Amino acid sequence: MALRAFESLVISELFASRALESKVNVPTYSNSANWRNPSISVTLQRYTRRVVFDRSINMLYTELFKDLESVRWNMSDDVPWASFDPEKLSDEQARTIKLNAITEWSALPATEMFLRDNRDDSDFSAFMSIWFYEEQKHSLVLMEYLKRYRPDMVPSEDELHNVRFEFDPAPALETLMMHFCGEIRLNHWYRRAAEWHTEPLIKHIYGLIARDEARHAGAYLKYLKRSITRAAAGKANEIKAGFAKIGFLMAASGRAGKPLHPTNLHVNKAMFPNDTVQSKLPDPEWLEHWLDQQINFDKEWEGKVVKMILHNLSTLFGKSLESLADLNKYRKSLLAT
Ligand SMILES: [Fe+2]
Ligand SMILES: [Fe+2]
């Protein structure tokens, strides 16, 4: 599949072209007598080498590295810096760029959390190197924009460092699901931000970042699928029910008036209520203002977020889910089995 097709933003289709999993049955070598038989030993050694090779190519990290590298944009060549039009950037718009840049910087504590909570998963931990790099680049490109054209708005190192704080340990799979939904939501927020901005260069930059967020959702979806296919017998439904619960909460939150995103969730009990990334920003109330008053993320856009989450969860569960009610019903059916 042409990788540029990623930009269609149909996330589940972005990564559906390749087989996700292939089961490798690793032989047990409990019968040590076999090792004394030279012919069997040679056969087993060959098989062992093949198993090791197969396992390495089946790590999602390997595949994601290639896929994401092939579509990665470059700060020098793919950002049309010369297209900046100073007449079309307002003070208000420049300030939103600053707050987005600081929020993106919170990938740092999120990565620390992911690495801590996924110590038993080296594949996913390795993928964090890509995710962390790309998220930090989002912060960097926004700061570079401000540095060139509104240096008074560049975040200080202290403002960036302020969003780095300890997140409490949490169930790794639920966190993964939350971030999957968060990436979908952020993709839509940035697409809307690209429309709201009037300055052509920053419109382009938000478009680049939005497509990255969609690809991140696609990558997380692969890890979600993998956790289901690798689940022990009898555990798959429990995992699906957990995903359905988080997916429902994340998708329904916008309609309830407070759209949930990893950066506005409480993550450190001891710091409550100042334990969200947003609470660490120079303006803790900014996110809601940005959504409601600035980019005007209305019901129609919220509907797109819900539709995209449901579309991807339908793929994940192998079950058509047309509405949040369908998702809730499906969750209950999983709990009943
Ligand atoms: Fe980002
Ligand atoms: Fe992202």
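Select Leu-64 to start: with 22 C-beta neighbours inside 10 Å, Leu-64 counts as buried, since the cut-off for that label is 20 or more. The model on screen is a predicted one. Leu-64 is found in helix H4. Beyond its neighbours within four places in sequence, the contacts of Leu-64 are Phe-127, Ile-130 and Ala-219. Add Arg-215 to the selection as well: its C-alpha is 9.8 Å from that of Leu-64, although the two positions lie 151 residues apart in sequence.

**The whole chain**

Zoom out and colour by secondary structure. The protein has 14 helices and zero strands, so a cartoon view reads α-α-α-α-α-α-α-α-α-α-α-α-α-α from the N terminus on. Of the 337 residues in the protein, 36% are buried. Among contacts with a separation of 6 or more, 77% join residues 24 or more positions apart.

**Helix H4**

Return to H4 and select residues 60-70. Which residues of H4 are buried? They are Leu-60, Leu-64, Asp-67 and Leu-68. These residues cover an arc of only 90° around the axis, which puts them on the same side of H4. Show helix H7 (122-149) and H10 next, as the buried residues of H4 pack against both. Then rotate to the face of H4 turned away from its buried side, where the exposed residues Lys-66, Glu-69 and Ser-70 are found.

**Helix H6**

Select residues 107-117, which form helix H6. The buried residues here are Ala-107, Ala-110, Phe-114 and Asp-117. Their arc around the axis is only 100°, which places them on the same side of H6. What covers these buried residues of H6? The cover includes helix H5 (91-105), H7 and H9.

**H9, H10 and H11**

The next stop takes three helices, in pairs. Two packed helices are described by the angle between their axes and the distance between the axes.

Begin with H9 (residues 172-196) and H10 (residues 200-229): their axes come within 8 Å and cross at roughly 160°. That makes H9 roughly antiparallel to H10, because an angle over 145 degrees is put in that class. The crossing in which H9 passes H10 is left-handed. Coloured by residue class, the contact of H9 with H10 shows 18 nonpolar, five polar and four charged residues.

Keep H9 and swap H10 for helix H11, residues 236-252. At what angle do H9 and H11 pack? The angle is about 40°, and the axes are 9 Å apart. The crossing of H9 and H11 is right-handed. To display this contact, select Leu-173, Glu-174, Met-177, Met-178 and Cys-181 on H9, and Ile-239, Gly-242, Phe-243, Ile-246, Gly-247, Met-250 and Ala-251 on H11. By class, the contact of H9 with H11 divides into nine nonpolar residues, two polar and one charged.

Now hide H9 and bring back H10 beside H11. The axes of H10 and H11 come within 8 Å and cross at roughly 150°, which makes H10 roughly antiparallel to H11. On the H10 side, select Leu-224, Ser-227 and Ile-228; these meet Ala-236, Ile-239, Lys-240 and Phe-243 in H11. The contact of H10 with H11 has five nonpolar residues, one polar and one charged. Ile-239 and Phe-243 of H11 were also part of the contact with H9.

**Loop residues**

Three residues in loops remain.

Gly-234 sits in the loop between H10 and H11. Is Gly-234 buried or exposed? With 8 C-beta neighbours inside 10 Å, Gly-234 counts as exposed. Draw a distance from its C-alpha to that of Thr-337: the separation is 9.9 Å, for two residues 103 apart along the chain.

Pro-273 is placed in the loop between H11 and helix H12 (286-294). Show the backbone here and check the peptide bond from Phe-272 to Pro-273, which is cis with omega near 5°.

The last stop is Asn-296, in the loop between H12 and helix H13 (299-317). Its phi is positive, about 55°, although Asn-296 is not a glycine. Asn-296 is exposed, having 12 other C-beta atoms within 10 Å, and a count of 12 or fewer is what that label requires.

Terms used
Residues are numbered from 1 along each chain as its sequence is written. Chains are lettered from A and ligands numbered from 1 in the order in which they are written. This is a predicted model: local features need pLDDT of at least 70, side-chain atom pairs count only at pLDDT 80 or more; totals for chains, interfaces and linings use all residues. Axes are lines fitted to C-alpha atoms, for helices over the stretch in contact, and angles run from 0 to 180 degrees between N-to-C directions. Helices (H or I, at least four residues) and strands (E, at least two) are DSSP runs, numbered from the N terminus. Angles under 35 degrees count as roughly parallel, over 145 as roughly antiparallel, 65 to 115 as roughly perpendicular and the rest as oblique. A crossing is left-handed if the near helix is turned anticlockwise from the far one by less than a right angle, and right-handed if clockwise. Ala, Val, Leu, Ile, Met, Phe, Trp, Tyr, Cys and Pro count as nonpolar, Asp, Glu, Lys and Arg as charged, and the others, Gly among them, as polar. Two residues are in contact if their C-beta atoms, placed from the backbone, lie within 7 Å. The arc is that of the directions from the helix axis to the C-beta atoms.
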